[in-house]
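Here is a friendly walk through one structure. Please keep the sequence and the 3D view at hand as you read.

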Amino acid sequence: MSYLSDIFKNFSARPDTEDGVFSEDEVRLANRNSGILLETLDHDITPTGLHYLLIHFDVPRIDLTAHRLEFGRGFDAPYSLSVDDIRSLPQQTLPVTLECAGNGRTSLSPRAHSMPWGMEAVGTSEWTGTPLAPLIERAQPGAGTIEISFTGTDRGFDKGVEHAFGRSLTLEQIASMDVLLVHAMNGQPLLPQHGAPLRIIVPGWYGMASVKWLKTIEALDSPYQGFQQVSTYRYRDNKNDSGTPVTSMRVKSLMTPPGIPDWITRQRHLQAGPVTVSGRAWSGDGADIVKVEFNDSLGWQVARLAPSKGQYDWAKWSIEWNPAPGEYVLNCRATDSNGDTQPLEPRWDASGFGNNAVQQVDVFVDDA
Ligand SMILES: Nc1nc2c(c(=O)[nH]1)N[C@H]1C(S)=C(S)[C@@H](COP(=O)(O)O)O[C@H]1N2
Ligand SMILES: [Mo]
């Protein structure tokens, strides 16, 4: 390692946590990675430009016609496919809700020094592509294969370690989770920021598994050692913990904040009288949402639930609310078919992953 590389690695060292005011690093990340606007939660399918973004390094510049997906090392029958080849395979379109594992990070104290998500890192798209499992079978994973790795075109440094963004899944996970190799989002070719020309979608898992700008698929006979799996996406009580892997999305719900906002604080204002409050609820592992409750600080009430379009996308909930003038803190809380319910308080995590605590919306209600 050269002298200059060592200096770079020290320079790129970062504090583990932050409290209070946002650091320059966090503000810079927030300007690059946008979240959904909560007032647009009502769309079953999030309009493409409103889908959240999480890009660790740079959006790579890829020649879309020359790009080939390689089924390489570890396969007995390696081959490669162009985007057109993939378009000519059997096609499937799946509505899938994606959420970033770091969503809700800023409500932890202290918070991890990373992308400062409030609660907006979620969205639902109709993803079109071809099922991944048959393509892997065709490449014939070598004897002793235990995992398949997925590597993107993007490279960068994290904690001084240079790597390409990558993740792995077991063969069983690929088959049982309907993993799709996709080239289109909401009927249009993938946009550069969402992984053009190819990505995978891993329904039910937090977004980090859905590798964008996919370039290489390999068959491994020992556990994958990629940085984003071994060193990043793990639940930990402290940074020295080896932790447990971050996988499926925890049960969660959000509401469209009712009324009209204050420009800067986003606090809500509305007039007394009946109003419909609505929002979304989702969970991982294909679990269904079985209940959503709403609380205007006077007690929990069960909301109406409309079924989702598919197995892996969010459900819509709604409830009539008829507030008297006053100041309210509104909450919503979902329960899934595994019997898991959102906690009232976040559980702390060293990296700020998996915070599914209930949302709080401050509302001021005036005389009609
Ligand atoms: N190659 C690559 N894939 C990636 C990422 C990345 O930085 N590089 N970010 C991951 C994370 S953490 C999330 S939450 C999702 C976000 O997908 P989106 O930006 O299309 O919403 O992409 C995942 N796939
Ligand atoms: Mo993420």
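The report below covers the ligand, the strands and some backbone details.

## The model and its ligand

Please bear in mind that this is a predicted model. A good place to begin is ligand 1, which sits in the largest cavity. The shell around ligand 1 holds 18 residues, and those that come nearest are Tyr 52, Asp 154, His 194, Arg 199 and Lys 212. Sorted by class, the shell has 10 nonpolar residues, 5 polar ones and 3 charged ones.

Which side chains bring a polar atom 2.8 Å from an oxygen atom of ligand 1? His 56 does so, and Arg 199 does too. A further pair involves His 51, where an N or O atom of the side chain is 3.2 Å from an oxygen atom of ligand 1. How much of the ligand does the protein bury? Taken alone, ligand 1 exposes 530 Å², and the protein buries 100% of that area.

## An open sheet of 6 strands

Next, look for the open sheet formed by 6 strands. Their order is β16-β17-β24-β23-β19-β20, and the pairing is mixed. Why is one side of β16 and of β20 left without a neighbour in the sheet? Both stand at the edges, β16 at residues 260–261 and β20 at residues 300–302, and each has a single partner strand, so one side of each stays unpaired within the sheet.

At the β20 end, strand β19 covers residues 289–295 and is joined to β20 by 3 bridges, with the two strands running antiparallel. To find this pairing on screen, you can start from Phe 294, whose bridge partner in β20 is Gln 301.

## Strand β7 and its partners

Strand β7 spans residues 147–158 and runs antiparallel to strand β12, residues 214–220, with 6 bridges joining the two. Within this pairing, Phe 150 has Ile 217 of β12 as its bridge partner. Strand β7 is also joined by 8 bridges to strand β8, residues 161–169, and this pair is antiparallel as well. Here Ile 148 has Leu 169 of β8 as its bridge partner. As a general reminder, side chains in a regular strand alternate between the two faces of the sheet.

Strands β7 and β8 form a hairpin with 2 residues between the strands. Lys 159 is found in the loop that links β7 and β8, and this residue has a positive phi of about 50 degrees although it is not a glycine.

## Backbone details to look for

Most residues other than glycine have a negative phi, and most peptide bonds are trans. With that background, where do cis peptide bonds turn up? One is the bond from Ser 109 to Pro 110, with omega near -5 degrees. Pro 110 belongs to the loop between β4 (92–99) and β5 (111–112).

Another cis peptide bond runs from Ala 196 to Pro 197, with omega near 5 degrees. Pro 197 lies in the loop between β10 (188–189) and β11 (199–201). Strand β11 takes in residues 199–201, and Arg 199 is one of the residues that come nearest to ligand 1.

Terms used: Residues are numbered from 1 along each chain as its sequence is written. Chains are lettered from A and ligands numbered from 1 in the order in which they are written. This is a predicted model: local features need pLDDT of at least 70, side-chain atom pairs count only at pLDDT 80 or more; totals for chains, interfaces and linings use all residues. Side-chain values use heavy atoms; hydrogens and water are left out. A residue is near a molecule or strand if one of its heavy atoms lies within 4 Å of it. A polar contact is a pair of N or O atoms within 3.5 Å; within protein, one must be able to donate a hydrogen and the other to accept it, and residues adjacent in sequence count only if both atoms are side-chain atoms. Accessible areas come from the Shrake-Rupley method with a 1.4 Å probe; for residues, only the protein chains shown count as cover. On a 1 Å grid over the protein atoms alone, a cavity is a set of points where a 1.4 Å probe fits but cannot get out, and a pocket is an open set with protein on both sides within 12 Å along at least five of seven lines; lining residues have an atom within 4 Å of a point. A molecule sits in a cavity or pocket if more than half of its atoms lie within 2 Å of its grid points. Ala, Val, Leu, Ile, Met, Phe, Trp, Tyr, Cys and Pro count as nonpolar, Asp, Glu, Lys and Arg as charged, and the others, Gly among them, as polar. Two strands pair if DSSP finds at least two bridges between them. Helices (H or I, at least four residues) and strands (E, at least two) are DSSP runs, numbered from the N terminus.
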